[in-house]
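Work through these exercises with the structure open. Each task is followed by a solution in steps.

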Amino acid sequence: MFETLGRSARILLLGGTSEIGLAILAALRAPAGTQVLLAGRDEQRLTAAGKGLRFEVTPLVFDAADPGSHRAVIEQAFAAGPVDLVIAATGVLIPQERIDADPDLAAQMIDTNFTSHVTTLLDAAGRMRAQRHGTIIVLSSIAAIRPRKANYVYGAAKAGLDAFARGLTDALEGSGVRVLLVRPGFVIGRMTRGMTAAPMSSTPAQVGAAVAGALERETTELWVPAGLAAAAAMLRMVPRPLWRKMRR
Ligand SMILES: NC(=O)c1ccc[n+]([C@@H]2O[C@H](COP(=O)([O-])OP(=O)(O)OC[C@H]3O[C@@H](n4cnc5c(N)ncnc54)[C@H](OP(=O)(O)O)[C@@H]3O)[C@@H](O)[C@H]2O)c1
C-alpha cells in the first residue's frame, strides 16, 4: 500500500504503546524512512516503545479520556504533512466487578474504548478525505458481537466502536480513504495478563501479521484468527438463557 506514494510514509498510532499497535507497525511492509507518530499519555514510555521499531519515531502527547484535546492532537499529527495510515489502538479493559463497584470507571472505559476513537477518527477521516487518500485501522473485538455479563461495559463500548467503524467505512466510499475493521479474539498480552486464554487465542505478532497482510488486499473487515468469523456467527445463535449462564 505504500509503493505508490513516491515519498516516505507517515503513520499515526493512537495508543502508541499498544502491543497490538506496535506489532502491526513491526509487520508493515513500509519503506525505510517511514515516519511514525506514537500518540499516548507518557512521552518516556512512547520513546521507549519506539526503540524497537525500524522507523523514525516521534512521540505525541494524547489522553483519550480528554476529548477536548483531541482536535489539537490530530491537527499536530497532520501539521507536518499528509498522514497515510492511522492505527486506532487505544483501549483499556477494566474488570466488570470493579466497574460495578465504581461506575466512574465505566465512563473511563467508554471514553477510552469508544468516544476517543469517534472524536479522533472523525477529524482524521476529514483530513484524509481532503488529501484524497489514507487508511484507518480500527481495532474492534469479538466482544463487540454480543454482550457477556462478565464484561458487558467493555462489550458495549466495542459494539459502539464496531458500528462507528462500519458507518465510517460507508461514509468514506469513493473518497480514496479506506477503513480496515479488525476483530481479534482473545490476544495474549498486557491487556489480558492474569486471565486464562480463551479458545482461538492469538498473539500480538499474529494480529500484526494478519493486519499487514490484509492491507495488501481489498479487505475491509478482518477476523483474527480467520476462523473466528464462523465462531462469532454461532455465538450469535446461542439461546439467551444459555448465554446468560456463561461465566466469562
Ligand atoms: N488484548 C486483547 O485481547 C484484545 C482483543 C481484541 C481487541 N483488542 C483491542 O486492541 C487494542 C489494542 O490492545 P492491546 O492488546 O495492544 O492493549 P495494550 O497493550 O494494553 O494497549 C492499550 C493502549 O491504549 C493506551 N491507553 C489506555 N488508556 C489511554 C488514555 N486514557 N489515553 C491514551 N492512551 C491510552 C495504552 O497506553 P498506556 O501505555 O499509557 O496505558 C496503550 O497504548 C485495544 O483497543 C483493545 O481493546 C485487544
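**Exercise 1.** Decide from its C-beta neighbours whether Arg132 is buried or exposed in this predicted model, and say what is unusual about its phi.

*Solution.* Count first: Arg132 has 10 C-beta neighbours inside 10 Å. The cut-off for exposed is 12 or fewer. Arg132 therefore counts as exposed. Next, place the residue: Arg132 sits in the loop between helix 5 and strand 5 (134-139). Last, check the backbone. Phi of Arg132 is positive, about 70 degrees, although Arg132 is not a glycine. Most residues other than glycine have a negative phi.

**Exercise 2.** Do the same for Met200: give its phi, its location and its exposure class.

*Solution.* Phi of Met200 is near 60 degrees, again a positive value in a residue other than glycine. Met200 belongs to the loop between strand 6 (177-184) and helix 7. Its neighbour count inside 10 Å is 16 C-beta atoms. Buried needs 20 or more, exposed 12 or fewer. So Met200 is partly exposed.

**Exercise 3.** Classify Ala209 by its C-beta neighbours, then relate its position to that of Leu25.

*Solution.* Ala209 is part of helix 7 (residues 204-215). It has 17 C-beta neighbours inside 10 Å, so Ala209 counts as partly exposed. Along the chain, Ala209 and Leu25 are 184 residues apart. In space, their C-alpha atoms are separated by 9.5 Å.

**Exercise 4.** Find the cis peptide bond between Val224 and Pro225 and place the proline.

*Solution.* Most peptide bonds are trans. The bond from Val224 to Pro225 is cis, with omega near 0 degrees. Pro225 lies in the loop between strand 7 (221-224) and helix 8 (228-237).

**Exercise 5.** Which residues of helix 3 (residues 70-79) are buried, and what covers them?

*Solution.* List the buried residues: His70, Val73, Ile74, Ala77 and Phe78. These residues cover an arc of only 125 degrees around the axis, so they lie on the same side of helix 3. Turn to the face pointing away from that side: Ala72, Glu75 and Ala79 are exposed there. Then look at the cover. It includes strand 1 (10-14), strand 2 (35-40), strand 3 (56-61) and helix 5 (103-131). Finally, step past the helix: Gly81 follows helix 3 and has a positive phi, near 145 degrees.

**Exercise 6.** Describe how helix 5 and helix 6 (residues 152-171) pack.

*Solution.* Two packed helices are described by the angle and the distance between their axes. Here the axes of helix 5 and helix 6 come within 8 Å and cross at roughly 10 degrees. That makes the two helices roughly parallel, since angles under 35 degrees fall in that class. The contact of helix 5 with helix 6 divides into 13 nonpolar, 3 polar and 1 charged residues. Helix 5 contributes residues including Met109, Phe114 and Leu121. Helix 6 contributes, among them, Tyr154, Lys158 and Phe164.

**Exercise 7.** What makes up the shell around the ligand?

*Solution.* There are 30 residues around the ligand. Split by type, they give 11 nonpolar, 13 polar and 6 charged. Ser18, Ile20, Ala64, Gly91 and Val187 come nearest. Now sort by element. Helix 1 (19-27) and helix 5 each supply at least two residues of the shell. The largest share, 3 residues, comes from helix 1.

Definitions and conventions: Residues are numbered from 1 along each chain as its sequence is written. This is a predicted model: local features need pLDDT of at least 70, side-chain atom pairs count only at pLDDT 80 or more; totals for chains, interfaces and linings use all residues. Helices (H or I, at least four residues) and strands (E, at least two) are DSSP runs, numbered from the N terminus. The arc is that of the directions from the helix axis to the C-beta atoms. Two residues are in contact if their C-beta atoms, placed from the backbone, lie within 7 Å. A residue is near a molecule or strand if its C-beta atom, placed from the backbone, lies within 6 Å of it. Ala, Val, Leu, Ile, Met, Phe, Trp, Tyr, Cys and Pro count as nonpolar, Asp, Glu, Lys and Arg as charged, and the others, Gly among them, as polar. Axes are lines fitted to C-alpha atoms, for helices over the stretch in contact, and angles run from 0 to 180 degrees between N-to-C directions. Angles under 35 degrees count as roughly parallel, over 145 as roughly antiparallel, 65 to 115 as roughly perpendicular and the rest as oblique.
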